[in-house]
Amino acid sequence: MPRFRVTAGRFGGIDGVMLSDVADGAHVILALRGATLLDWCVPFGGGMLSLTDGYCSRIELYRQDGVRNGLMAPFPNRIAAGRYHFEHRDHDLLPAVEEGKRLIYHGFLRELDLELGGARERDDGAQVLFVSDAIQPGVFPGYPFALALHVLVRFGLDGLSLVVTATNLGHVSAPYAAGWHPYFRFGEDNIDHLELQVPASQAILTDVDLLPLPGEAAYVPIARRPDLDFRGGRALGGGAVDACLGALAADADGLIRSRLRDPVRGCGLVVWQQGGLVHLFTGDALARDARRSLAIEPVEVMTDAFNRADCQAAISLPPGASRSFRCGAQFVPAMQPLAAPGGLAGAAAAQGRRR
C-alpha cells in the first residue's frame, strides 16, 4: 500500500477528504465546500502539532467568519463598495444593498460545494482534485462570466501545495484573480513571540477602509513602513497588522518564500508562492481565538484590483484561456532563528513599537 492515502468522509460533521501519511500520522483535512483546509497536523515533540487554525464546525464553515484557510477566487480581498468597471462596463456585485453596508470580499469559491475530480496515492505524496463550473452568468450578481475552477491539492514529503486554475468558458474576457487565506500557528499559543520573515521591499498603503490609495500613491518602499518591514526577520510583537506587501524577492527556483518560526519550539513553516503579493493579518478582529494565528496570504493581486488601471492586465482572463496560481507551505521541524539583534530587523522592530 502507498505511504500517503486519501480518505473521503465526514470530519466533524463536514463532508471532505483527508490526505494522510500512514507512516507518522501527519495529515490534512479539506472540506468539499471551497476546498477549504480544515486541519493540518504533524508529529512533533512526542505528540501531534496543529499548524493551522481552521473552522471547527459545519456552522463555522458556513458562516465564513474570518475566511479561515479559504481559497479566494475570482477575486481576493475587497472590491470597493462592491462595484467595479471592466471592459467598458460597470458591474454591481451588491445590487439593492444600501450604502454603508456594501461589503464584499474574497470571492465566491470559498462558498461553493465542489466535486472531487480524481485522487492519487503514492509513497511520496497524495493529491486530490476539486472541480466546479458553478460560476456562470446569472448566478452571481455583478459577475456575468463563466469560469471552470480546478483546485489541485497535494500533501506529501515536501509539505502542502495548492494550484488554483481558472478557465474562461465565455466569449469575452473575464476579470479574475486568486489567492489563499491560511491562518498558521504552532499549537494554541499567542502569536506575539513568533518570528516572521517576508522578502518584500514594498508596502501597499491603504485608506481607513483598507482600500489601496489611488494610483502610484499606493506603492511605497518598505523602508517608509518599518513596522511592516520583515525582510531581516523579527518577532511579530503585539501590534495589529492587516496589510499587503509587494515587490517580493524570489529564490533561484522562482518561488517566493516567507518564513514563520516558533522560537520556543524551534520549529517553523515556509510559506511559498509563485508570483503575486502577500497579505498579512494578525487576526485581531476574529470572533474566535483572536491573535492565536497569523494569516500569511499569497495573493495574485492587491485589494480592489478590479478597480485599478494598473491591475487590468493582471486580472484579465481572455476567452478560452486558463491561468493558475501556485502556493503552499512546508513544515520545518528545526528552523534557524529568524530574528537578529540590531541591524535592520532590530531597528524596524523598535520603530514599529514606537508607532
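Let's start with a count: the lining of the largest pocket breaks down into 16 nonpolar, eight polar and five charged residues. Keep in mind as you look around that this is a predicted model. The pocket itself has a volume of about 500 Å³. Its lining is made of 29 residues, and the ones closest to the centre are Arg78, His106, Leu210, Asp242 and Phe281. If you want to find your way there by following strands, look for S20, which covers residues 242-248, and for S23; each of them supplies at least two lining residues. Which strand gives the most to this lining? That's S20, with three residues.

One of those central residues, Leu210, deserves a second look. You'll find Leu210 in the loop between strand S17 (200-204) and strand S18 (219-221). Its phi is positive, about 65°, although Leu210 is not a glycine. Is Leu210 buried, exposed or partly exposed? Its relative accessibility is 28%, so it counts as partly exposed. Pro214 sits in the loop between S17 and S18 too. With a relative accessible area of 66%, Pro214 is over the 50% cut-off and therefore counts as exposed. Here's a distance to try in your viewer: Pro214 and Gly246 are 32 residues apart in sequence, and their C-alpha atoms are 16 Å apart in space.

Leu210 isn't alone in its backbone angle. Asp304, in the loop between S24 and helix H2 (312-315), has a positive phi near 65° and is likewise a residue other than glycine. What about its surroundings? Asp304 has a relative accessible area of 10%, which is why it counts as buried. For a glycine with a positive phi, go to the hairpin of S4 and S5: two residues lie between the strands, and Gly45 has a phi near 60°. Strand S4 (residues 37-44) and strand S5 (residues 47-50) run antiparallel and are joined by four bridges. In one of these pairings, Phe44 stands opposite Gly47 in S5.

Another backbone detail turns up at Pro74. The peptide bond between Ala73 and Pro74 is cis, with omega at about 5°. Pro74 belongs to the loop between strand S6 (70-72) and strand S7 (83-86).

Now zoom out to a sheet. Nine strands form an open sheet with antiparallel pairing, in the order S9-S10-S11-S12-S26-S22-S21-S16-S19. Which strands are at the edges? They are S9 (115-121) and S19 (234-235), each of which pairs on one side only. As you trace a strand, remember that side chains in a regular strand alternate between the two faces of the sheet.

Let's walk through part of that order. Strand S10 (residues 125-135) and strand S11 (residues 147-156) run antiparallel, with nine bridges joining them. Ser132, for instance, stands opposite Leu149 in S11. Further along, S12 (residues 159-168) pairs with S26 (residues 322-332) over eight bridges, again in the antiparallel sense. Here Val163 faces Arg326 as its opposite number in S26. S26 also has an antiparallel partner in S22 (residues 268-273), and how many bridges do they share? The answer is six. Within that pairing, Gln273 has Cys327 of S26 as its bridge partner.

Next, pick out Leu19 in strand S2 (residues 14-21). Leu19 is buried, because its relative accessible area is 0%. Its contacts include Arg5, Val6 and Ala26, but also Ala126, Gln127, Val128, Val153 and Phe155. One of these makes a nice example of how folding brings distant parts of a chain together: Leu19 and Val128 are 109 residues apart along the chain, yet their C-alpha atoms are separated by 8.4 Å.

Our last stop is Arg288, in the loop between strand S23 (277-281) and strand S24 (294-299). What does its side chain reach? It comes to 3.1 Å from the backbone oxygen of Gly54. Besides Gly54, Arg288 touches Asp53, Tyr55, Cys56, Glu60 and Arg68, leaving aside residues up to four places away in sequence.

Methods. Residues numbered from 1 in each chain as written. Predicted model: local features only at pLDDT ≥ 70, side-chain atom pairs only at ≥ 80, totals over all residues. Heavy atoms only, no water. Pairing = 2+ DSSP bridges. Polar contact = N/O pair within 3.5 Å; in protein donor to acceptor, adjacent residues only side chain to side chain. Contact = heavy atoms within 4.5 Å. 1 Å grid on protein atoms, 1.4 Å probe; cavity = no way out; pocket = protein on both sides within 12 Å on 5 of 7 lines; lining within 4 Å. Points joined across faces, edges and corners; volume = space filled by probe spheres on them. Nonpolar A, V, L, I, M, F, W, Y, C, P; charged D, E, K, R; others polar. Buried < 20%, exposed > 50% of the residue type's maximum accessible area, 1.4 Å probe, protein only.
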